[in-house]
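This report concerns the salt bridges of a protein model and the parts of the chain that they link. Please examine the structure shown below before reading on.

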Amino acid sequence: MSPWKNDPMMATTPRQTPRATAVEKSGYWNQMSDSRLKSLKRRYVVLKNNQLSFSRTAKHISKGEDPLMKIAVADIISVAKITQQGSTYAFQLVTQSAKYQFMTDSERTTHEWVTTLNAVIKGSTIRDLATRCAPVEASISGWMTKVRCGHSKRVYASLVRHKLMFFKNSEDTVPCGFTQLKGARIMDKQKMSSDEYSGSSDEQNADKSPQTQKKDTYSLSIEMANEDPLYIVLRSSEEKEKWLYFLRAASGDATLCGSPFAILVQRMLAEGGAPDSPLWKDLLLTSCDDTPKETLMDFEGADKKKALEIAKATYLFVSVLMRPIAAQYHIDLAQNILSTAMQHEFLRNEVYAQLIKLTSGSMPFSIQGWKLLAMAIPLFVPTQYSLLWLLKKHIARWCMKTGDESNMAEYCQCALERVLRVGGREAGPSRLETTSVLTRDPTSTKFPHSISVRLPNGQYQVVEFDGSTEIGQCLSSLCLKLGIRPALLSGYALYIDDPTTKGLQLLKGKQKLCDCLYEWEVRQRDVLRGRVSADCNATLSLRMRHYWRHLICNETAMERSFLVWRMAEELVCGRIPTSPQLAEQLAALYAQLSYGDAPAQMTEEQFTFITKQFYPSKMLDVACLKSLRSSLHSSWSELCGMGEADAIRVILQVLRKWPLFGCHLQAAGMRTSNERKVFLALADTAVHVIDHRHFDVIRSFPYNRLASFGGFHNDFMLTAERMLLPESHPEETSRERVTFSMEKHEVEQLTLHLAEYIRCQKLVWKVSK
């Protein structure tokens, strides 16, 4: 059958349009039966007032006799032509309680009746929805792509009883079409090819993109007798499993398929999964006496062997008591189980099936199973809707009890709600995360994990998080605790130390913190060739990423303090132009900030600290230490009585006289100038190329003129628009490309910094207006 917009049912004549009182159609039908004495019963049929009336002849109607049989249009599920031996004019009429087969005198008459009845059925359904006072209660609703006869369309679908309604928008109350599901065959088209879509222009392309193949994976087909199949394409496997269950239930398909455990889950889903249901005591959910010899879910070939290994490892984790002196064994085993499931998606349902079974109360150390479940939930959720439903019911059932298992169930319930809201993870569990859950009680606090963040002034602040916490959420919490403006306005970001390059790596706001810690552990393991000690942890740092010159009047006291300490690092590294006299004065100010008033005699410890933390290293290498010590102590003594706030104010007042104060500087070699050493300075409005030695601005590229930027043949390239002079050559391009040499990791970080600067620049201007 064609899509609704091309449906012949919509092309009915005025005489066939459904009305309340007029006779819409009448004629003789031959009712076909299995009786050998009389196989054909000729009946006069009248379609009127959304009802089919069957009489012996037309005269019986004119005499006012009661019809032999009546069928309400609302009770008709489908009308379709059939191929019947001995007749080419047959059609079948299916109701809620029976199937009828009829034939007419000609093929044209049969076609007219089938077309008219389908139009009346559709009109009756739409009229009923349009005149309802209360909204229709749908079993399931959502957006999908409907494909039939090569035509695809994005629609909003709602399943109402045995009809799948299609709407143009989610707010519409009158459908643009519907499909009867009673008696339909619902198939999972997971392994189908796109050719089954019968020639849609999108599927005729020889080169199928991965995105198209992914859509094919999440497809279902609805097949009715003597009709073209209808395909629905969904966005995820979870949506597919959910729609598959409800569509099969609406079609009356009572077939239970899959492994015995999967059949049990389907039975529980059909019954509602009440907490006191006897199905919760089924041996498939409670028997955990021996090591698993079969998987709980269905697998084929090599996948079954891998799934059985995971099932045995999960059983081993729960069945062996974790002792404090040997906790490392369970930590490693938990990381291996969950990391393997993250790498192989087909194993995730098996992990959850085993954990549901092992936490059913039949294991002596089931609390360990609950802890493994608490670590698995933030990583991924079951891909099958029925298993996800069982997991929710299982957790809710244990939440109603008391004890440690009940507390863990409440924790898992909160974690499940959170992961369904924000999404799963991209990497496996980190050692910090695993150790925190297994060796401590995660239910005692909302955020069971914690990590120290190094602040610009050298102090540390502890940040708490869970398995679903994003970097942006940690940063917001940190800004609130420290008393600084939000990260967008203050310009601060979180960095993590890179074991490979020994530098710092910028973390994005949407990244999960646990994913970052796991990736750090992988790089650390590669650097140390697998030998990673238990006390080896990542270091997070809070550093200024952006500096907005037009917002300095809104800086908080803590921000100014952090900014002063950050400039100290820049001074030591020689990324701020200073003279020896200015460097001594600044070092004296920092000494007053760190120690207060100068003592009568500067100690060796104080001199070493001041020169290493606040004095340019290149100047220190060539300076006379005795003379420097004397001049520093003299300058420091002149600042007697200056408070911390005054010292910060004076330092910033002096340093802000440099036009490029606050810029992020990246050392590079300028390819177009014989590898001339330069700094790329990222400011709030442009990228400046400055001389490495004298800090003179060589070139400036405003952000609004940048066409592209990023890595190019292991170099960093800037492509900018430029104005052409009237006397320029006709073939001269209006774009200029400048290339800089630097390390690969520096190219990646600089590209990320520049992209964030440009993105945040637009947001900051909107917020600060």
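Are Arg545 and Glu756 buried or exposed? Arg545 is buried, as is Glu756; buried stands for under 20% relative accessible area, exposed for over 50%, and partly exposed for values in between (1.4 Å probe, protein chains only).

**Basis of the model**

This is a predicted model, in which local features need pLDDT of at least 70 and side-chain atom pairs count only at pLDDT 80 or more, while totals for chains, interfaces and linings use all residues. Residues are numbered from 1 along each chain as its sequence is written, and side-chain values use heavy atoms, with hydrogens and water left out.

The protein chain has an average pLDDT (the predictor's confidence in each residue, from 0 to 100) of 84, and 88% of the residues score at least 70. Residues 1–23 have a pLDDT below 50, and this stretch makes 50 contacts (heavy atoms within 4.5 Å) in the model beyond near neighbours in sequence. The pLDDT is also below 50 over residues 191–216, a stretch with 32 contacts in the model beyond near neighbours in sequence.

**Salt bridges**

Side chains of opposite charge can pair when their charged atoms come close. With a salt bridge defined as a side-chain nitrogen of Lys or Arg within 4 Å of a carboxyl oxygen of Asp or Glu, the count comes to 25. The table presents three of these pairs.

| Salt bridge | Closest N and O atoms |
|---|---|
| Arg545 and Glu756 | 3.1 Å |
| Asp684 and Arg549 | 3.3 Å |
| Asp715 and Arg671 | 3.0 Å |

The positions below refer to helices (H or I, at least four residues) and strands (E, at least two), which are DSSP runs numbered from the N terminus.

The salt bridge between Arg545 and Glu756 links distant parts of the chain, 211 residues apart: Arg545 lies in the loop between strand E19 (540–544) and helix H17 (557–573), and Glu756 in helix H23 (residues 744–767).

The loop between E19 and H17 also holds Arg549, whose partner Asp684 lies 135 residues away in the loop between strand E21 (676–682) and strand E22 (686–691). Asp684 is buried, at 5% relative accessible area, whereas Arg549 is partly exposed, at 43% relative accessibility.

In the third pair, Asp715 belongs to strand E25 (residues 715–721) and Arg671 to the loop between strand E20 (664–670) and E21, so this salt bridge ties together parts that are 44 residues apart in sequence. Asp715 counts as buried at 10% relative accessibility, and Arg671 as partly exposed at 41%.

Elsewhere, Lys25, Arg108 and Glu112 are joined into one network by salt bridges that share partners.
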